[in-house]
Amino acid sequence: MIKIMIVDDHAILRDGLKTIFSMEEDLSVVSEAESGEEALTTLENGEEFPDLIIMDINLPKLDGVEMTKEVKRLYPHVKVLILTMYKHDEYFMSAIKGGADGYLLKDAPSEQVVDAARSLMLGEAVIHSSMTKKLLDLHQQPDGKKEEDELTDREKDVLICLVKGLSNKEIAKELFISDKTVKIHVSKIFKKLAVKSRSQAVIYAIQHKLVRLND
């Protein structure tokens, strides 16, 4: 059972998500909050601790980016999915750099939100397709780091699969290697690129033109 906390200042959105998740046997909403501060208090005092927090960017008192940073500092193993209406690059980049594991827009169909919850718990990256495409238009130049030059050919193959959104099992099947080997490669990629999540690795790869989406 995946335990979920919903953080949004709109009750109708929280109620809608609870209804959606209640129809899934493996998803359960164990808590909710309407602000970042309330969410942190609930986490500290709550009886059932969530595996995943789904939150908006625009929250009163403590916004979603700062909330994400606090959650990752205090509870690093808890997954964070940003679900927001904001398409701005700065919000997206700030959220991912702050440690968010995924970023979806509120116009995403309910099935995609449900799938995102499961995917994040499997360690997969979840980024709204429109945001991934926006990354390609940023044309940011490398910041002088050369970690990507240290990637082996096989690690580059794995990185391409990460950008495609493949799971470890799918990567193993694609590259004809074991799941354990995939995990080792992913770990090495994280270290070399100085990132902490698949979403951050995907962003780094696209920004620094290490891979293309049509590879």
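In which loop is Asp56 found? In this predicted model, Asp56 lies in the loop between strand E3 and helix H3 (64–74). The UniProt record, an unreviewed entry, places the feature "modified residue: 4-aspartylphosphate" at Asp56. The residue has a relative accessible area of 4%. Because buried means under 20% relative accessible area, Asp56 counts as buried. Leaving aside neighbours within four places in sequence, the contacts of Asp56 are Val7, Asp8, Gly64, Leu83, Thr84, Met85 and Lys106.

The strands are considered next. Six of them form an open sheet in the order E2-E1-E3-E4-E5-E6, and their pairing is parallel. E2 and strand E6 (126–127) occupy the edges, where each has a single partner strand, so one side of each lacks a neighbour in the sheet. E1 and E2 run parallel and are joined by six bridges. In this part of the sheet, Ile4 stands opposite Val29 in E2. E4 and strand E5 (residues 102–105) also run parallel, and four bridges join them. Thr84, one of the residues in contact with Asp56, stands opposite Leu105 in E5.

Helix H1 belongs to a right-handed β-α-β unit, together with E1 and E2. The helix covers residues 11–22, which makes twelve residues. From its first C-alpha to its last, H1 reaches 16 Å, close to the 16 Å expected at 1.5 Å a residue.

Which residues of H1 are buried? They are Arg14, Leu17 and Phe21. Seen down the axis of H1, these buried residues fall within an arc of 65°, so they line one face of the helix. Ile12 and Ser22, on the other side of H1, are exposed. The cover over the buried residues of H1 includes four strands of the sheet, namely E1 (2–7), E2 (27–33), E3 (52–55) and E4 (79–84). Helix H5 (110–121) is also part of this cover.

Two of these strands, E1 and E2, therefore appear in more than one role: they are parallel partners joined by six bridges, they form the β-α-β unit with H1, and they are among the elements that cover the buried residues of that helix. E3 likewise helps to cover the buried residues of H1, and the loop that holds Asp56 lies between E3 and H3.

How values were computed: Residues are numbered from 1 along each chain as its sequence is written. This is a predicted model: local features need pLDDT of at least 70, side-chain atom pairs count only at pLDDT 80 or more; totals for chains, interfaces and linings use all residues. Side-chain values use heavy atoms; hydrogens and water are left out. Helices (H or I, at least four residues) and strands (E, at least two) are DSSP runs, numbered from the N terminus. The expected span of a helix is 1.5 Å times one less than its number of residues. Buried means under 20% relative accessible area, exposed over 50%, partly exposed in between (1.4 Å probe, protein chains only). The arc is that of the directions from the helix axis to the C-beta atoms. Contact means heavy atoms within 4.5 Å. UniProt positions are given in the numbering used here, feature names are shortened, and annotations may be inferred rather than shown by experiment. Two strands pair if DSSP finds at least two bridges between them. A crossover is right-handed if, with the strands pointing away from the viewer, the path from the first strand over the helix to the second runs clockwise.
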